[in-house]
Amino acid sequence: MFLGSLVLGLTVIAFAAWLHWNETLGWPNESFQTELDREYLTNRTRSRKRIHIVIACSGGLILIAAFAGPGTVWLFSWMGVILLLLTVVLMAALDALRSHRYHLRKLPEIRKEIFGDQDK
């Protein structure tokens, strides 16, 4: 159980680091040219950084549970992991909502770029 928790905790922390690394470098085919794009990118980066920190903290709690062994600390560590991962799900839902609102605001720019000033 110790080795499994150790591997899981380190994997979760590595995954959070990998997500943050990709977010910092940018994902393929992303281009942020307008002020609306830059504002969205700033908000998205800040929000996702928080998500990555929460994911890494859950990995840390898994490591604490691994070293503590069965008992009270182990139980509260795993309860903390559950709460943190539920928090990640809620934060991801808010991020999806933010992305949806951005795309709704971006759609007129895309239509204007593609179709120009044509009548519809």
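Helices here are DSSP runs of H or I with at least four residues, numbered from the N terminus. With that in hand, let's work through this predicted model.

**Exercise 1. Describe the fold and overall form of the protein chain.**

Solution.
- Step 1: Start with the elements. From the N terminus on, they run α-α-α, and the chain has three helices and zero strands.
- Step 2: Now turn to the radius of gyration. The value is 20 Å, whereas the globule rule gives 14 Å for 120 residues, so the protein chain is more spread out than a compact globule.
- Step 3: Set the extents beside this. The C-alpha trace spans about 70 × 25 × 20 Å along its principal axes.
- Step 4: Add the contacts. Among contacts with a separation of 6 or more, 72% join residues 24 or more positions apart.
- Step 5: Finish with the surface. Of the 120 residues, 28% count as buried. The chain exposes about 8500 Å², and carbon and sulfur atoms supply 69% of that area.

**Exercise 2. Find which residues form the nonpolar surface patch, and place them on the helices.**

Solution.
- Step 1: The patch consists of Phe2, Leu3, Val7 and Phe67, which together have about 440 Å² of accessible area.
- Step 2: Helix H1 (residues 2–25) contributes the largest share, three residues.
- Step 3: Phe67, by contrast, is found in helix H2 (residues 35–68).
- Step 4: Check Phe67 against the cut-off. Exposed means over 50% relative accessible area; Phe67 has 60%, so this residue counts as exposed.

**Exercise 3. Classify the ring pair Phe2–Phe67 and say what the pair connects.**

Solution.
- Step 1: A pair of aromatic rings is described by the distance of the centres and the angle of the planes.
- Step 2: The whole structure holds four aromatic pairs. In one of them, the ring centres of Phe2 and Phe67 are 5.1 Å apart with the planes at 70°, so this pair is edge-to-face.
- Step 3: Phe2 lies in helix H1 and Phe67 in helix H2, so the pair ties together parts 65 residues apart in sequence.
- Step 4: Compare the cover on the two rings. Phe2 is partly exposed at 39% relative accessible area, while Phe67 is exposed at 60%.

**Exercise 4. Do the same for Phe15 and Trp18.**

Solution.
- Step 1: The centres of the Phe15 and Trp18 rings are 6.1 Å apart and the planes differ by 25°, a stacked pair.
- Step 2: Both residues lie in helix H1, three residues apart, or about one turn of the helix.
- Step 3: Phe15 is partly exposed at 42% relative accessible area, and Trp18 is also partly exposed, at 46%.

Technical notes: Residues are numbered from 1 along each chain as its sequence is written. This is a predicted model: local features need pLDDT of at least 70, side-chain atom pairs count only at pLDDT 80 or more; totals for chains, interfaces and linings use all residues. Side-chain values use heavy atoms; hydrogens and water are left out. Patches are made of residues with over 30% relative accessible area and no salt bridge: like charges are joined within 9 Å, nonpolar side chains (Val, Leu, Ile, Met, Phe, Trp, Tyr) within 5 Å. Accessible areas come from the Shrake-Rupley method with a 1.4 Å probe; for residues, only the protein chains shown count as cover. A salt bridge is a side-chain nitrogen of Lys or Arg within 4 Å of a carboxyl oxygen of Asp or Glu. Helices (H or I, at least four residues) and strands (E, at least two) are DSSP runs, numbered from the N terminus. Buried means under 20% relative accessible area, exposed over 50%, partly exposed in between (1.4 Å probe, protein chains only). The radius of gyration is taken over C-alpha atoms; the globule rule is 2.2 Å times the number of residues to the power 0.38. Contact means heavy atoms within 4.5 Å. Rings of Phe, Tyr and Trp (its six-membered ring) pair if their centres lie within 6.5 Å; planes under 30 degrees apart count as stacked, over 60 as edge-to-face and the rest as tilted.
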